[in-house]
Amino acid sequence: MLLKNYKISFIFYIGIVLIFNACNSTKYVPEGEFMLSKNKIYIDDKNKLDNEAKDFVIQRPNTTFLGILFPLYFYNLGDKDYEENYAKRVERNPKTFAALRKIFSEKQTERLKQSHASRNKWFLEGGQAPVILDEIKAEKTTEKLRNYYFNNGYFNAEVDYDIRLKVEKADVRYRITKNEPFRLDSIKTIIDSNTLDSIYQLTKENSFIKTGEIYRDLNFRKEADRLTRTFRNSGIYHFAENQIGFHEIDTLATDHKTDVILKITDRLIENEGVIETKPLKVQKITKIGIFTDYSYERKNESFKDTTVYNGFHFYSHDKLKYNPKSLLNAVFIEPGDIYKDSARSLTRRHLKLLKNFKMVKIKYQEVNEDELSATIVLSPLKKYSVGMNTEVIHSNVKQLGFAGGFSFINRNTFRNAEIFKLSFKGSIFDVAKNIGSTDDRPFSSWEISADASLEVPKIVIPFGWDSFIDKRMAPKTLFSIGTGFQKNIGLDKQKITAFVDYSWTPNKRVKHTFEPINAQYVKNLNKDQYFYIYSSQYNDLVVIQQEYFPDYPLTEDNALQFIDEKIDDDFQQVDPEAYQTAKNIEKRNEIITTDFVIPAITYSFTYTTKSDFKDNNYMFFKAKLIAAGNISSALVNETNADGVKTIAETPIAQYVKTDFEFIKYWTPSKTTVLVSRTFAGIAIPYGNSKDIPFTSSYFIGGSSDIRAYRTYELGPGSNSNNLEYNVGSLKLITNLEYRFGITKTFKGALFIDAGNIWDITNSEVSAPGDKFTSWESIKNSAIGTGFGIRYDFSFFVFRTDLGFKTYEPYLEGNRWFRNYNFSRAVINIGINYPF
């Protein structure tokens, strides 16, 4: 959707900014109080930025962007005393409100009052109240800063502050003199237990506290955590972190050095009211019991079925429903092993990954001084469940839509903790580029699909090759088959898919996915509508027909017949350029309308440093390789008239395709995020195929791509062919986005997107500008810039981005800022962040 009246839009935008700037920032500052406008931190008499120290400043000024107090101005648009002031308005204008009550019902009049209250609450709750200077918080900040530097080895650090008052505003300056840091001198150990001492000696090279380094409290805490993990993963079940102590730290030493004594005590127990010490020992697990169908309602009932398998005891109230061997694929506690915290955590995590149990508990009990027994308690989910879901959907093609569906789940299908799922889904949406549709109504496009899948918690492969992937990597096999229908997206399509997906995660950062079978059958359902949908190509034929064959009754229905009858070798001699144009249209029609069977083998590698969903300082990398049609083309002998190998008279697509994506997140401050994304993809047809199937080709533009262009609008290369759907076999794109807070719920973004698609094949329909011939072709990348507004609903983010065409590679002469205006800008609506 383009902004048609850019002048009005620009005036509106400037007006909003002026309103915010015109607001009095001290509107709600009480008399005699001061609004905190700035904090400054001087370290050793220099105004330095210490991000860690900055985090200890308790009171901070109101949030700004580009020097403007947007959250505060938003807050000031509200009325803090809206109830009292509304009552005064009623009192001052009794006739007006009496007339309102006569015109509207009392209920409707009350709604006017509620509407007034809601509007003011929205401003007050969504904005940010002025931060009023609190000297007590400044004093607490100095204490926190003093503790921070003390904990980092600056035992003699000096911290104070002063306040500079202005008209209704105040600045606070914190002055820090660090002085010389203290370093660690000799490090000695006193360990009561010989067993613990021997374990410590084996691992002391990994210590976080070392002679000569500056004292840092964090390193001592890391060392305590390391020792606790080391001991508890070495069979010491009863070890606790409070048995570790660091002593004899001298914070007054004149040479600024301190010795450290590491003390690790024996276990303390109470025996008949007397506290005694007990030496710690390595303990082994001698018995493991697994209760497979625990429920609170049946906790007092006896277990009717008991099975022993590989030294594990399985118990169930009813007949045992799980294959013991399959359950043990998720259990890492073994009879005869020493106690390990890591085995306990790994077992709990992998049992939960089975998605068969709502509760997993692991308990230990001491048998004697040397032995433990382990109990694993599992509470299963219902075997059968039916679910319904609705969601807002969004992609580069599906601009905005709504989906709904239901699913049937059968857990533990074949007693091996498998999950069988049958799902049906339907959606309606607006396409990002509503080209060729005879129905211009909103949400005129739709899609329905049905899928059946079976998830198995191991690698299902013959000849015992599954043993090459350790069960610690959470191996999984997914079998899936499905079909779907699309309406009003180009040529309507039916797609049938079937795949086998193997996945495993060697560690929390890495994931591998391998699909030995990924087969697709793509059928175009609306081929006879081609020239209605791709009208620009029909218009090119009309130009040729009107100039050379004015008597020919050309229509969208007989366009191909026109090319076959009139565009021959004789016509090539008359107008070679028009001849090539018509033949390219014919070839493009063949490429887009041809049905394909795409039997592929795929592999993807994913690496991320993201620790949790709140982490905004991480990197993400994904590589994917697809090899389509190799085995099928080698095994199949059936061919069509052109010598192309087919399955059931449908051509087999043969190509290699690979994608690389890299995303990096930075957090310059608590309220800002900088994100960089780079994507490179290449697809090469060979053997049985001269072109990449349309559905496997690259396109560019849209709300998660180059946002100054609509989906399919740009490319390939420097060409401006005005085709409805532009695709290529090479894609390069990079994005940079700066995200910041405006209010509590409104977020903003500034972005720059650059990239394009090119053709690197020997396609008959490619023009010279389409080709990527060398790195010089990079200059044909398009650049878009813009800004976005996002509203955070907590569970999802609604996003609106406005992209401006900044550099247009298809223009002659000057390519910079030629169409950098609101009339050519593109609004992108999306759900959640683009990357």
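Modeller: Let's start with a rule: two strands count as paired if DSSP finds at least two bridges between them. This is a predicted model, by the way.

Biologist: Fine, then how do you know that β20 and β21 pair?

Modeller: Count the bridges: β20 and strand β21 (residues 510-524) share 12. The cut-off is at least two, so 12 bridges qualify as pairing. The sense is antiparallel, and one of the partnerships puts lysine 493 with asparagine 524 in β21. A hairpin of 2 residues connects β20 to β21.

Biologist: And what makes β19 and β20 a pair?

Modeller: Same test. Strand β19 (residues 476-487) and strand β20 (residues 493-507) have 11 bridges, again antiparallel. Set against the minimum of two, that makes them paired. For a concrete spot, look at phenylalanine 479, whose bridge partner in β20 is valine 500.

Biologist: Now the sheet with β5 in it. In what order do its strands sit?

Modeller: The order is β5-β7-β6, 3 strands in an open sheet with mixed pairing. From one strand to the next, the twist averages 20°.

Biologist: Why do β5 and β6 stand at the edges?

Modeller: β5 (183-191) and β6 (244-247) each have a single partner strand, so one side of each has no neighbour in the sheet.

Biologist: How do you know that β5 and β7 pair, and in which sense?

Modeller: They are joined by 7 bridges and run parallel; the rule asks for at least two, so the pair passes. Threonine 189 faces leucine 262 in β7.

Biologist: Which helices lie across these strands?

Modeller: α8 lies across β5 and β7, at about 145° to β5. α9 lies across β5, β6 and β7, at about 145° to β6.

Biologist: How is the packing of α8 with α9 described?

Modeller: In general, two packed helices are described by the angle and the distance between their axes. Here the axes of α8 (residues 194-203) and α9 (residues 217-232) come within 11 Å and cross at roughly 115°. The crossing is right-handed.

Biologist: Which residues meet there, and what makes up the contact by class?

Modeller: From α8 come Leu196, Ile199, Tyr200 and Thr203, and these meet Glu223, Arg226, Leu227, Thr230 and Phe231 of α9. By class that contact has 5 nonpolar, 2 polar and 2 charged residues. Tyr counts as nonpolar, so Tyr200 belongs with the nonpolar residues. Glu and Arg count as charged, which means Glu223 and Arg226 are the charged ones.

Biologist: Over to isoleucine 684. Why does this residue count as partly exposed?

Modeller: Its relative accessibility is 44%. Buried would need under 20% and exposed over 50%, so isoleucine 684 at 44% falls in between. The residue lies in strand β27 (residues 672-685). Leaving out neighbours within four places in sequence, isoleucine 684 is in contact with Tyr655, Val656, Ile692 and Ile760.

Biologist: What separates isoleucine 684 from leucine 227?

Modeller: Along the chain, 457 residues; between their C-alpha atoms, 54 Å.

Biologist: Zoom out: how many helices and strands are there, and what percentage of residues count as buried?

Modeller: The protein has 17 helices and 32 strands. Of its 835 residues, 44% count as buried, which means their relative accessible area is under 20%. The C-alpha trace spans about 110 × 85 × 70 Å along its principal axes.

Note on methods
Residues are numbered from 1 along each chain as its sequence is written. This is a predicted model: local features need pLDDT of at least 70, side-chain atom pairs count only at pLDDT 80 or more; totals for chains, interfaces and linings use all residues. Side-chain values use heavy atoms; hydrogens and water are left out. Axes are lines fitted to C-alpha atoms, for helices over the stretch in contact, and angles run from 0 to 180 degrees between N-to-C directions. Helices (H or I, at least four residues) and strands (E, at least two) are DSSP runs, numbered from the N terminus. A crossing is left-handed if the near helix is turned anticlockwise from the far one by less than a right angle, and right-handed if clockwise. Contact means heavy atoms within 4.5 Å. Buried means under 20% relative accessible area, exposed over 50%, partly exposed in between (1.4 Å probe, protein chains only).
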